[in-house]
Each structure stands twice: as C-alpha cells, then as structure tokens.
Amino acid sequence: MDRVEDSLLPLINLVFLLLMFFIVAGQLSDTPLPELPGVADDAKDQKPAADLVLNADGRWQVGGQDVSEETLVSQLPKPDETTPLKIAAANELAMADLESVLRRLEEAGYKDVVLLTEPAS
C-alpha cells in the first residue's frame, strides 16, 4: 500500500500545479472590451438603402416620396431576376400590414424580396 501512495504523490503534485497555473492564468477581467472606433456611431445614423420603406403609421415611401396602394407598383423598379427588391420595415409595423404588401408585390411579379428591419434595442 505504501508503494501505491508513493506513486500517487507526483500525480497529485502535478494536478495541484496545473490547478494553480490555470487559476493564475485564467483571471477574468472586470473591464469590458472597448467599442470599436466609429462603428457604433455610424450604424445608428445610417438608413438602409431600400426600394420601399414601410412606416409604422401605415405610410409607404419610394425614394422618399409617399405612395398609395394604387401607384405602388408603378413607382417601384421593375421586377428583375438578378436584383431583389429591398423593403425596409419599421419595428412597430403589424404583420398583417407587411403580409398585405408582400401579397401585392407577389401579384405584381416580384419573386425575390429582401426584408430589412431594425434590431431591437
């Protein structure tokens, strides 16, 4: 039995030294990582480049101008296989309103649509 205990002593020492190493080397820092320069400020002020903007109050805009349901399709760029239609939707937009717009666009021949939304804050 003494022989087994003598052979375990170096293993216990090694495990203890590894434990101490990882405790010292793995100290967690309380300071947060710094913000990347210029990324946060630019992202807040930048508006997405969208073909159609759907506002929460029910207004639709193409090129900064309000459009009605009847003139929507004529104001948008023609359906194209290579370039998708970009729609920017407000966070507060109801899903029913978005669905009605998407159905109208599908009927007009738009097959590829990209939906741009704002991240929740």
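Colleague: Is Arg-59 buried, partly exposed or exposed, and how do I read that?

Modeller: This is a predicted model, and the reading rests on relative accessibility. The partly exposed class lies between the buried cut-off of under 20% and the exposed one of over 50%. Arg-59 has 34% relative accessibility, so it counts as partly exposed.

Colleague: Which residue does Arg-59 form a salt bridge with?

Modeller: For a salt bridge, look for a side-chain nitrogen of Lys or Arg within 4 Å of a carboxyl oxygen of Asp or Glu. Here the partner of Arg-59 is Asp-66, with 3.4 Å between the closest N and O atoms. Asp-66 is partly exposed too, because its relative accessibility is 49%.

Colleague: How many salt bridges does the structure hold?

Modeller: There are four. Another one pairs the side chains of Arg-104 and Glu-69, at 2.8 Å from N to O. Arg-104 sits in helix α4 (residues 95-107), while Glu-69 is in the loop between β3 (65-67) and α3 (72-75), so this pair ties together parts that lie 35 residues apart in sequence. As for accessibility, Arg-104 is partly exposed at 28%, and Glu-69 is partly exposed at 41%.

Colleague: What separates Glu-99 and Arg-103 in helix α4?

Modeller: About one helical turn, because the two are four residues apart in helix α4. They form a salt bridge whose closest N and O atoms are 2.5 Å apart. Glu-99 has a relative accessible area of 36% and is partly exposed; Arg-103, at 49%, is partly exposed as well.

Colleague: Which residues are joined into one network by salt bridges that share partners?

Modeller: Asp-57, Arg-59 and Asp-66 make up that network.

Colleague: Now for the interior. How many residues are in the largest nonpolar core?

Modeller: A general idea helps here: in soluble globular proteins, nonpolar side chains tend to be buried together. In this model the largest nonpolar core has 15 residues. Those with the most contacts inside this core are Leu-52, Leu-54, Trp-60, Leu-72, Leu-76 and Leu-105. Two or more core residues come from each of β1 (52-54), β2 (60-62), β4 (85-89) and α4.

Colleague: Which residues is Leu-54 in contact with, leaving aside its neighbours within four places in sequence?

Modeller: Try tracing them in the viewer. The contacts of Leu-54 include Trp-60, Ile-87, Leu-93, Leu-98 and Val-101. Arg-59 is also among them, and that is the residue we began with, the salt-bridge partner of Asp-66.

Technical notes
Residues numbered from 1 in each chain as written. Predicted model: local features only at pLDDT ≥ 70, side-chain atom pairs only at ≥ 80, totals over all residues. Heavy atoms only, no water. Buried < 20%, exposed > 50% of the residue type's maximum accessible area, 1.4 Å probe, protein only. Core = buried A, V, L, I, M, F, W, Y, C linked by side-chain atoms within 4.5 Å. Contact = heavy atoms within 4.5 Å.
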